[in-house]
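Got the model open in your viewer? Let's walk through it one selection at a time.

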Amino acid sequence: MANIFPRWTNTLPLKILVALVFIGGGVAAAMNYYFTPKYTRVGYMPSQPIPFSHQIHAGQLGMDCRYCHSHVEKSGHANIPTADTCYRCHQHVKTNSPHIAKIKEAVETGKALEWVKVHKVPDYAYFNHSVHVNSGVSCVNCHGKVNEMPVVWHDQSQSMAWCLDCHRNPEKALRPMDKITNLDWTAESAGKDQKDLGEALKKAWKIHPPDNCAACHR
Amino acid sequence: MKRIWQHPDEKTTGKRYWRSLNQLAERPGTLEARVREFPDGVEALKDEAEAETSRRNFIKLMGASTALAGLAACRRPEFAIKPYAKAPEWVIPGKVLFYATAMPRAVSGTPMVVHTFEGRPTHLQGNKLHPDSNGGLDIQAQASVLNLYDPNRAQSFQKAGVKADREEFYKFLDAKKAELAAKQGGGLAILIDEAVTPTRQRLLGELVKKHPQAKIYRHETFGQANVRVAYATAFEAGAAPAYDLSKADRVFSLDCDFMGQDRIGNNATGQFMVRRKADAPEDGPKMNRLYVAEGRFTVTGGMADHRLRVHTSQTLKAAVRLGIAVAELTGDAGLKAAAEAVKLAGSYQGHARSDKADFYSAFFKEAAKDLVEKKGASVVLAGSQQDAAVHLLAIAINQALGAFGTVIQIRQTGSLVAGTLDELAASAAGKQIDTLVVIGETDPVFEAPPDIVAGGLSAALKAVPNVIVHTTRPKTITAASSSWVVPATHYLEQWGDTRGSEGSLAVVQPMIAPLYSGVLSDVELLLAVLSDAPLAGQPAPAPSGPGQPEDTGFAFKAVRATFDAIVKDPSESKWNNALRDGFAAGSAYPSASAAAASMQAIGAALAQAKDVDIGEGLEITFVPCSKIHDGRYINNGWLQEAPDSMSKVTWDNVAIVSVKTGKALGINPFTEDSAEVISVEVNGLKRYYPVLMIPGHADNSVTIATGYGQASAGRVGKGTGFDAYALRSAATPYFAMVAPTAVRKITEKVSGSDAMKGIEGREEIPVVYPLGRTEEHHTMYGRALVREGTVEDWQKDKDFVMQQGTDGHLHGDREAKNAENSYSFYKPAAGNDENGKPIELLNDTLHQWGMVIDLNKCTGCTACTIACQSENNIPIVGKDQVIRGREMHWIRMDRYFATDLDSDAAQNGRKVEKEAWNEDNMDEPEMLVQPVGCQHCEAAPCESVCPVNATVHTPDGLNSMVYNRCIGTRYCANNCPFKARRFNFFDYNKRNPLVENSFLGIKHNSLYSGPFGQRQDTELSKLQKNPNVSIRMRGVIEKCTYCLQRIESARVEARAQGRRRRRLETGHSDEKLVIEDKDIRIPTDGIKTACQEACPAEAIAFGNRLDKDSAVEKWRKNSRNYELLGYLNVRARTTYLGRIKNPNLALLALSKLEKEKVGQGSKTRHVHVQTEGAAH
């Protein structure tokens, strides 16, 4: 009786196995890279209804973050400025721009401008800006150097692991409280070592960032 | 080695605490059912067909949903941020903003503080600053925020049932006004409810001045009509009592449920409970004493130190007895003459007592002696459903007791001349009315007794050409038969005003612009009727919402004008203060000019009083529902699903009878999720009600809560309950006297009866009607956890609570027992530190949270349950799911009855056989309540069994629930000894549990249709949700979090603002800035949980256990403090203070039965039941 399966099939199981290992490994590696916030979020840069440039306002003009994000020290939300806030200056500045016309329209009609959300914290996570900016954590730690961004992009992964990394080692991020909105400031630029400075601030200010679930999830 | 823990039996001290008749009778199978916390879903399916289709559906739907889920996950969703165009004043996005306002209602408006998020009202709390509030709220006020978001609310004008617009109505009104002006208002009638609204009252006064022929009528079924008549007779027109029960040492209630549905002010419970504060045994005798004479068990009756069963219809006789007894002791001839002037029909001796034949009369004598002893600090309260004669007697007795000027102040509330509904019905039938305007939340046609006028009110109103109904409920019978429906604003979206019971003016200010354009407030409607200028063709007035310039709304001006008229030297700053504080200082009602009641007038009026003999008959009493009141809240899901304080019935009303009467009717006492149905026939009308036996109810009496069984109640109230209004008569509106044969158990299902005609969702009534009743849900192996004693017991042994329950089984004093309890296998730790040493679990040195609940103050009103629901986004699940034991309330209110162990046939062991089941013992039980939520055990049994660490401890002592980790094994719920965990069997927040679907002809609840089920009206209900609490999804466990969101907000606030403040104070922003613990610690008692805030009795303390000044630490030092199931050594963070009763020793000496009834330790003989397997 002739063989039903030709001879080369003998190695087939092994080949399949090897192929599966490679495919599986590849999938795992791809998922590890592409399916994490580091890849899916960082660099996200949607175009906004008005091409507002932080580079000009916060960088060149040197406006403080809190001029527009006015409630950041009091509320969990760092509010997006009202159209009125923009218009206070722009009723005099660059009034011919079609984009300023949109702001004018919003102020006059009361209809909100729809900015596209860049940083999206899940519904079940409750992040609070005020406690961070009042405890020596700078805007730059989570948002990057926004003062150099013509269009805001997602700078850090903002995943839970990333949050916890800082909550467990806050000394990496702490800085004097008057340097919170100075995005160009670094410990090195002030001639200090970040770790030493962070440790000192952590101790003096009783910084014990919670790392239990209920701190952020409720 | 596996160790099986044998729970020790409770030490029995002569009393039995039980939650249901089933439990008392220890019927086979019931314990097993109780132990199964979650009745299994498939087994609970009603029949084979349902099971079959469900399985098939399930597989089909699973396939579809998986496919859909795969597709939906591909794209990154884009979200928009929409900032305000102009920043509204005070609003900080993400922060709660509090506004003071008030809820206009009868007797006294309820002052409130409203939580708003970006302009959305989400949660209500009382306004503590107002003189007539202690910051608590009753159940209905608490739930009223949900009515704002009711999708069935009136949204547009209707002309004869057809949608119309405001312009059309104004055209009609303009034409009508011209007619009215010509006739001086002849033919115009305005029917209002009893809500206290000064501006409305002022405008009505102006209207009558302008149109002298116009008539005002006033109606509220459970209103103050009888009180008004009595006080007008005894004092002067417009006189009304304002009570301060904190000044009363002795309170006698004649059928007055003043802690429940019979409101005498916002703060009656709070003031009463001030005198129930007991820190140490010495405080015991300083407590007040409450006597209650009532027919049905109410929450007030449950708080009574002595409760006497008196038929509602016979309360007048009880009042006469009390009056004569007081008169004999005080020698008050006027009172004696007044009491004796009443012509009594028949002699009434109350309920017979086996051990003391004349207990009934002796009770009044002893109570009178006690009242007279505390002359000047004792008071008699009469229920508002009692005839004016009872109120007159109460006034006369109070005068003899010197209560006026001390406990009661007589205020002049200003008299509005208004007719009654009876008079309106007569005028309408007599065709004297051309235009009737109905304002308020009542439904007069539904509520009116059918014999109010020949043919009933609906026929009478047919003779009125124009009926204009101003309401938020567009489908009431009154509205349905009207010519115009004017959609009304909710009180949270209007300008208005109201006054507390003592008169302090509270301004109602809008929290939100009206959700539906075109709605009018009552003030706006009256202004429209009053205005001379034509309304049609004018631009609509700007809605008077927040963010709008205030003076554009014309209601605003009217409210302001009233303010200026009431407040002395009005000014802009006083107005602004009133808006900020929620009340105008110095605006209390003036004292009445008559300082004392006229005994002569009382005597003369009492001589005309009508009394009814009960004889061998049966009384049917009609009472306001503890949830939906007179029916106005029928479409409020929170109230519908709140278990009734007494019967624990949700979604329905039932007839309630005593155990003896029930037995005489042949009712099976042992129904679980159902009840047998009786027919009640009054004046030839037959109605059907499921019937429940509640011990402690008067015999030969049937109590039916009204308001249910509305023809068209909206999506929530549809098909719920049974109407009782139809059985009422105009002569005796709150009770009906019938022959015993008029009430019968039905033996076959009823369909096609006129009792169900036109009622949506009610086609037939089965012999056994299914009931969503939570009485036996989440019971704990039948263990009773409630502990109580008398003042005497407490003084004898300050740690008497430790002698009861499972702790009573241990030996020695409190310390020894605690030491014995402190044995544990479980050493909780928060992992290891770098050196491998275990980290202590509770390592927060700033805060450790705890709660204490004082059972001495808790009435069982369930306001906490509703407050919790409102704060924590807890969904309703519908009747079908409640029957399956799946209600989601984080706080359950356990209601226990306590009966004497001796006479409940327990002398021959603890078993009570069904046959030997002794209903004699069910006559005079005590009632105790205990709210139970998650106890936040330090060594939590739930945490150790969770396979995915979804429930873990926080360093500050909370047992927290991580929804995203939860995979729904429900192990935690099974291992929770307190049964405090709830499982989301369905996506209750997303799917509508109130709809029946039909698939292949088989009816099933919409929840079971999975993704094909009906969605909630999410846009509207979303607006109520608290943005700081996650909405839980199907398949996860949830439970009390100690209001984690409030703790976290406070902690963030303390840290952020503490550091910020220190930085600004010191000028340092680097390491020279030193932060101390005190800078970042939450201030003492700085957080209130939602339940604590809502509690009108102030029975809950919550706070930081590391703060020695906190209320919770002080309360824990009270010797009444005990932990539930302390022997488990779970170290619960919630503890309880045992209940203390303050009985009259003279009454205890009088009757053995009374002695057994009151207080556990008052028994001399302690029955020790030998325990087996107790492992200590």
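**Start with chain B**

Colour chain B by its assigned domains: domain 1 (15-38 + 790-1043 + 1087-1140), domain 2 (147-219 + 420-581), domain 3 (225-412), domain 4 (618-773) and domain 5 (1044-1086). Keep in mind as you click around that this is a predicted model.

Now show just domain 1 and domain 3 of chain B. Where they touch, 18 residues of domain 1 of chain B meet 18 residues of domain 3 of chain B. On the domain 1 side, pick out helix H25 (791-796) and strand E38 (926-932) of chain B, which each put in at least two residues. H25(B) is the top contributor to that side, with three residues. Colour that side of domain 1 of chain B by class and you'll get eight nonpolar, six polar and four charged residues.

**Into the core**

Next, select Ile190(B), Leu254(B), Leu322(B), Val326(B), Leu392(B), Leu393(B) and Ala396(B). These have the most contacts inside the largest nonpolar core, a set of 318 residues. Helix H13 (residues 388-400) of chain B gives the most to this core: ten residues.

Zoom in on Leu393(B). What is it in contact with, once neighbours within four places in sequence are left aside? You should find Ala319(B), Val320(B), Gly323(B), Ala338(B), Ala339(B) and Leu606(B).

There's another core apart from the largest one, with 16 residues; to find it, select Ala58(A), Val72(A), Val140(A) and Ala173(A), which are among its members.

**Over to chain A**

Chain A is assigned domain 1 (12-39) and domain 2 (42-80 + 115-215). Put a distance line between the C-alpha centres of those two domains of chain A: they lie 36 Å apart. Four residues of domain 1 of chain A are in contact with four residues of domain 2 of chain A. The four on the domain 1 side split into two nonpolar, one polar and one charged.

**Where the chains meet**

Finally, show both chains. Here 45 residues of chain A contact 42 residues of chain B. On chain A, highlight helix H5 (83-90), helix H6 (98-109), strand E1 (115-116), helix H7 (129-133) and helix H10 (194-204), each supplying at least two residues. Which of these gives the most to the side of chain A that touches chain B? That's H10(A), with three residues. By class, this side of chain A has 21 nonpolar, 13 polar and eleven charged residues.

One last stop: E1(A) pairs with strand E2 (residues 80-81) of chain B, antiparallel, over two bridges. Click Trp115(A) and look across to Ile81(B) in E2(B), which stands opposite.

Technical notes:
Residues numbered from 1 in each chain as written. Chains lettered and ligands numbered in written order. Predicted model: local features only at pLDDT ≥ 70, side-chain atom pairs only at ≥ 80, totals over all residues. Contact = placed C-beta atoms within 7 Å. Helix = DSSP H or I, 4+ residues; strand = E, 2+ residues; numbered from the N terminus. Nonpolar A, V, L, I, M, F, W, Y, C, P; charged D, E, K, R; others polar. Pairing = 2+ DSSP bridges. Domains from an automatic or database assignment. Core = buried A, V, L, I, M, F, W, Y, C linked by C-beta atoms within 7 Å. Buried ≥ 20, exposed ≤ 12 C-beta atoms within 10 Å, placed from the backbone.
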